[in-house]
Amino acid sequence: MTAYWAPHAWLPSGVADDVRISVSDGRITAVGTGVPASGDDVRLPGVVLPGLANAHSHAFHRALRGRTHADGGSFWTWRTVMYDVARRLDPDSYLALARAVYAEMALAGVTTVGEFHYVHHNPDGTAYDDPNAMGEALRQAAVDAGIRITLLDTCYLTGGLTADGYTPLNEVQRRFGDGDADAWAARVADLKPSANLRVGAAIHSVRAVPADQLGTVASFSPESPLHVHLSEQPAENEACLALHHKTPTALLKDAGVLSGRTSLVHATHLTDTDITDLSGTFACFCPTTERDLADGIGPARALADAGATLTLGSDQHAVIDLFEEARGLEMHERLSTRQRGRFSPAELLQALTGDGHRSLGWDELGRLEPGAPADLVAVRLDSVRTAGTQPSQAVYSATATDVDTVVVGGEMVVSEGRHRLGDVGALLRSAIDNLSN
């Protein structure tokens, strides 16, 4: 048994002081409050939080950071650069890149990632000897980096949507596709969960999965998470209305996609009816990506008030800092409404922890209580950013740099701000340089 002691911890009842968390066989066995530290305790600084859930990731997009801004451009020109990176990936290079990206996430306090995975096949569209070789690379990357992963294997069948119909996959997109949803489901059925991996499904978007294929994906694994990019760009809404005479949300609703296990990612450009229809689902916001790509500000508070559960992700990894994503959710609301306090610190932390984990199929995670897996994140409260911060408001001042210690399933992954893999910056540089050459 290991006992961790911290001056503060965020428990289900709120922030408590002088907290001892006892861990055995990877699970929390006891939580005591108001207790002095003993000589046998592992002392953690600042405030201890449950592990953070990054509910939406495209690991290979990390190779784009700092490389897409020279000429401004748009979401669609950014996508062209993204396709160039996707074209260069193979299982070995993807393992190296994802390992480094997931290690960067661990340094930021992320203990579970939802990987929205659609780079499935050879560049010419033919299958690898193992049709899930790219997914297996992501599984191994998470193991090496010491975090948990929900592999959201993504159905991606068409190149786009216009008023005249669906367009074929282009040269780069061919490696994303399986032909039809039945073939996609047959491939995904061979992916097996493991101690650190759970398998979920994803519909890339209403642009990439025809209306008559949506139901097949939705019914593939009824108990597993189902994620969908939704209404990130007005152009998607316009094309969907022109062809189907309904919004993307209405199209998904009519196809049986919307349920309590469904996460709608971005959900930026919604009608009032769309917001009502998303009651009971998860809505995953990615504020640093949404502002980086000039997508717009989505109706986060309205969705929450309508009964959707909010989660957060770093998406294209313009930064990997879940505290910044949480602040972005609140700050975007403040700018659009000119009101403060749209989300309380506790609501933001819940989105980062328990709700994020539930959206990824890890219902047992996100709480510091007996019986829960021992995923702990210690955030310093004595840095130049956090000095003077009340522990209950650390989400408003802390950054990824303030994460000191990360424990996943009782194993130390980050200690004193250093990952067990060593120099993560060097790992990132090597992996990205390999893709650039």
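Helices here are DSSP runs of H or I with at least four residues, numbered from the N terminus. Keep that in mind as you work through the exercises below, and remember that this is a predicted model.

**Exercise 1. Two salt bridges inside helices**

Task: Find how arginine 301 and aspartate 305 are placed in helix 10, and work out whether each is buried or exposed.

Solution:
- Step 1. Start with the element: helix 10 covers residues 300-306, and arginine 301 and aspartate 305 sit 4 residues apart in it, so about one helical turn separates them.
- Step 2. Look at the side chains, which meet in a salt bridge with an N to O distance of 3.0 Å.
- Step 3. Apply the cut-offs: buried means under 20% relative accessible area, and exposed means over 50%. Arginine 301 has 13%, so it is buried. Aspartate 305 has 58%, so it counts as exposed.

Task: Now do the like for aspartate 84 and arginine 88 in helix 1.

Solution:
- Step 1. Helix 1 runs over residues 75-88, and because aspartate 84 and arginine 88 are 4 residues apart in it, they are separated by about one helical turn.
- Step 2. The closest N and O atoms of this salt bridge are 3.4 Å apart.
- Step 3. Aspartate 84 has a relative accessible area of 30%, so it is partly exposed. Arginine 88 counts as partly exposed too, at 32%.

**Exercise 2. A loop residue with a positive phi**

Task: Where does glutamate 416 lie, and which residue does it form a salt bridge with?

Solution:
- Step 1. Glutamate 416 is found in the loop between strand 18 (411-415) and strand 19 (418-419).
- Step 2. Its backbone deserves a glance: phi is near 50 degrees, a positive value in a residue other than glycine.
- Step 3. The salt bridge partner is arginine 418, with the closest N and O atoms 3.1 Å apart.
- Step 4. Glutamate 416 has a relative accessible area of 55%, so it is exposed. Arginine 418 is exposed as well, with a relative accessible area of 55%.

For practice, turn to aspartate 18, which is not a glycine but has a positive phi of about 50 degrees. Aspartate 18 is placed in strand 2 (residues 14-24) and counts as partly exposed at 32% relative accessibility.

**Exercise 3. The buried face of helix 5**

Task: Which residues of helix 5 are buried, and what covers them?

Solution:
- Step 1. Within helix 5 (residues 211-218), the buried residues are Gln213, Leu214, Val217 and Ala218.
- Step 2. Seen down the helix axis, these buried residues fall within an arc of 140 degrees, so they line one face of helix 5.
- Step 3. The cover over them includes strand 8, helix 4 (181-188), strand 11 (197-203), strand 12 (226-230) and helix 7 (248-254).

**Exercise 4. Two buried residues in the covering strands**

Task: Describe the surroundings of aspartate 153 in strand 8 and of histidine 227 in strand 12.

Solution:
- Step 1. Aspartate 153 belongs to strand 8 (residues 148-155). Its relative accessible area is 1%, so it is buried.
- Step 2. A polar contact of 3.0 Å links the side chain of aspartate 153 to that of tryptophan 184. Beyond four places in sequence, the residues that aspartate 153 touches include His117, His120, Asn132, Arg187 and Ala202.
- Step 3. Histidine 227 lies in strand 12. At 0% relative accessibility, histidine 227 counts as buried.
- Step 4. Leaving aside neighbours within four places in sequence, the contacts of histidine 227 include Ala55, Phe116, Leu152, Ala202, Ser263 and Ser359.

**Exercise 5. Strand 5 and its partners**

Task: Which strands pair with strand 5, and in what direction do they run?

Solution:
- Step 1. Strand 1 (residues 2-11) and strand 5 (residues 47-50) run parallel and are joined by 2 bridges. Alanine 9 has valine 48 of strand 5 as its bridge partner.
- Step 2. Strand 16 (residues 376-379) runs antiparallel to strand 5, with 4 bridges between them. Here proline 50 has leucine 376 as its bridge partner.
- Step 3. Place this against the record: an unreviewed UniProt entry puts "domain: Amidohydrolase-related" at residues 47-413. That span is 35% helix and 19% strand, with its end C-alpha atoms 17 Å apart.

Conventions:
Residues are numbered from 1 along each chain as its sequence is written. This is a predicted model: local features need pLDDT of at least 70, side-chain atom pairs count only at pLDDT 80 or more; totals for chains, interfaces and linings use all residues. Side-chain values use heavy atoms; hydrogens and water are left out. Buried means under 20% relative accessible area, exposed over 50%, partly exposed in between (1.4 Å probe, protein chains only). A polar contact is a pair of N or O atoms within 3.5 Å; within protein, one must be able to donate a hydrogen and the other to accept it, and residues adjacent in sequence count only if both atoms are side-chain atoms. Contact means heavy atoms within 4.5 Å. A salt bridge is a side-chain nitrogen of Lys or Arg within 4 Å of a carboxyl oxygen of Asp or Glu. UniProt positions are given in the numbering used here, feature names are shortened, and annotations may be inferred rather than shown by experiment. Two strands pair if DSSP finds at least two bridges between them. The arc is that of the directions from the helix axis to the C-beta atoms.
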